[in-house]
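Here are some short exercises to work through with the model open beside you. Try each task before you read its solution.

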Amino acid sequence: MILQPAPSFVEQNKHSGSWKYWSRFLRALGDRRPGSLLLAISQMDKISDNVNAAVENEYDAIHDEIPTITTFPLVLDYRPESIQESMATVRQAMSTATDVVAKDWWVPASYEQLSNLIRQLEEQKHASRELPLISIEQL
């Protein structure tokens with residue numbers, strides 16, 4: 001979940017003040033499964049009326065780049081009378097995203113084989129009281 005405070009959409013004097021920046025950062029770290037990215041906005045009470053257009057523009061830009069984002073950003077309200085509802089909304093969205101990702105998640109058999117080989121080498125090294133280092137040849 002990328003959570004941006006509403007004032008950052010209006011001020012945007014930093015490159016890190018956008019969903020687009022952070023989504024690119026997360027994608028650079030590795031594969032992003034469809035449905036795994038949630039957007040959220042907070043501090044709506046601290047902004048002027050012109051933020052809605054800025055939020056929509058940012059959402060449109062990120063949606064063009066990542067069409068698998070299918071839900072509009074969550075609006076989080078931290079006021080005492082609204083916090084419970086915000087938390088329930090976040091829990092439901094994260095649960096839904098987890099279910100979507102879990103349906104598409106798989107581990108290739110080659111990873112399992114590699115994992116088993118590494119475990120065997122680890123056990124051999126431990127039994128012979130060697131450091132758990134593997135040379136290129138052993139690998």
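**Exercise 1. A serine and its neighbours**

Which residues does serine 23 touch, not counting residues up to four places away in sequence?

*Solution.* Keep in mind that this is a predicted model. Start by placing the residue: serine 23 sits in helix H2. Next, leave out the positions up to four places away in sequence; serine 23 then touches Ile2, Leu37, Ile62 and Ile66. Finally, check the accessibility. Buried means under 20% relative accessible area, and serine 23 has 1%, so this serine counts as buried.

**Exercise 2. Overall layout**

Describe the order of helices and strands in the protein chain, then its surface and contacts.

*Solution.* Begin by counting elements: the protein chain has five helices and three strands. Now read them from the N terminus, which gives β-α-α-β-α-β-α-α. For the surface, the accessible area of the protein chain is about 10100 Å², and carbon and sulfur atoms own 55% of that. Of the 139 residues, 26% are buried. Last come the contacts: among those with a separation of 6 or more, 65% join residues 24 or more positions apart.

**Exercise 3. Two helices side by side**

Work out how helix H2 and helix H3 are oriented, and list the residues that make their contact.

*Solution.* First take the geometry. The axes of H2 (residues 19-29) and H3 (residues 51-65) come within 9 Å and cross at roughly 25°. Angles under 35 degrees count as roughly parallel, so H2 and H3 are roughly parallel to each other. The contact uses Trp19, Lys20, Ser23, Arg24 and Arg27 from H2, and Val55, Glu58, Tyr59, Ala61, Ile62 and Glu65 from H3. Note that Ser23 of H2 and Ile62 of H3 both appear here, and that serine 23 touches Ile62.

**Exercise 4. Following the charges**

How many salt bridges are there, and which residues are linked in a network of salt bridges?

*Solution.* Start from a general point: side chains of opposite charge can pair when their charged atoms come close. The count here is four salt bridges.

Take the pairs one at a time:

- Aspartate 77 pairs with arginine 79, their closest N and O atoms being 2.4 Å apart.
- Glutamate 81 also meets arginine 79, at 4.0 Å from N to O.
- Glutamate 130 meets lysine 125, at 3.3 Å from N to O.

The listed pairs that share arginine 79 lead to the network, which links Asp77, Arg79 and Glu81.

Now compare the accessibilities. Aspartate 77 is partly exposed at 22%, arginine 79 is partly exposed at 42%, and glutamate 81 is exposed at 62%. In the pair with lysine 125, glutamate 130 is partly exposed at 43%, whereas lysine 125 is buried at 9%.

**Exercise 5. A surface patch and a distant pair**

Which residues make the nonpolar surface patch of about 360 Å², and how far apart are the C-alpha atoms of aspartate 99 and serine 36?

*Solution.* The patch is made by Met1, Leu3, Tyr78 and Met94. Of these, leucine 3 lies in strand S1 (residues 2-5) and is partly exposed, with a relative accessible area of 37%. For the second part, locate aspartate 99 in helix H4 (residues 83-104); its relative accessibility is 44%, so aspartate 99 counts as partly exposed. Although the two positions lie 63 residues apart in chain separation, the C-alpha atoms of aspartate 99 and serine 36 are 9.5 Å apart.

How values were computed. Residues are numbered from 1 along each chain as its sequence is written. This is a predicted model: local features need pLDDT of at least 70, side-chain atom pairs count only at pLDDT 80 or more; totals for chains, interfaces and linings use all residues. Side-chain values use heavy atoms; hydrogens and water are left out. Patches are made of residues with over 30% relative accessible area and no salt bridge: like charges are joined within 9 Å, nonpolar side chains (Val, Leu, Ile, Met, Phe, Trp, Tyr) within 5 Å. Accessible areas come from the Shrake-Rupley method with a 1.4 Å probe; for residues, only the protein chains shown count as cover. A salt bridge is a side-chain nitrogen of Lys or Arg within 4 Å of a carboxyl oxygen of Asp or Glu. Helices (H or I, at least four residues) and strands (E, at least two) are DSSP runs, numbered from the N terminus. Buried means under 20% relative accessible area, exposed over 50%, partly exposed in between (1.4 Å probe, protein chains only). Axes are lines fitted to C-alpha atoms, for helices over the stretch in contact, and angles run from 0 to 180 degrees between N-to-C directions. Angles under 35 degrees count as roughly parallel, over 145 as roughly antiparallel, 65 to 115 as roughly perpendicular and the rest as oblique. Contact means heavy atoms within 4.5 Å.
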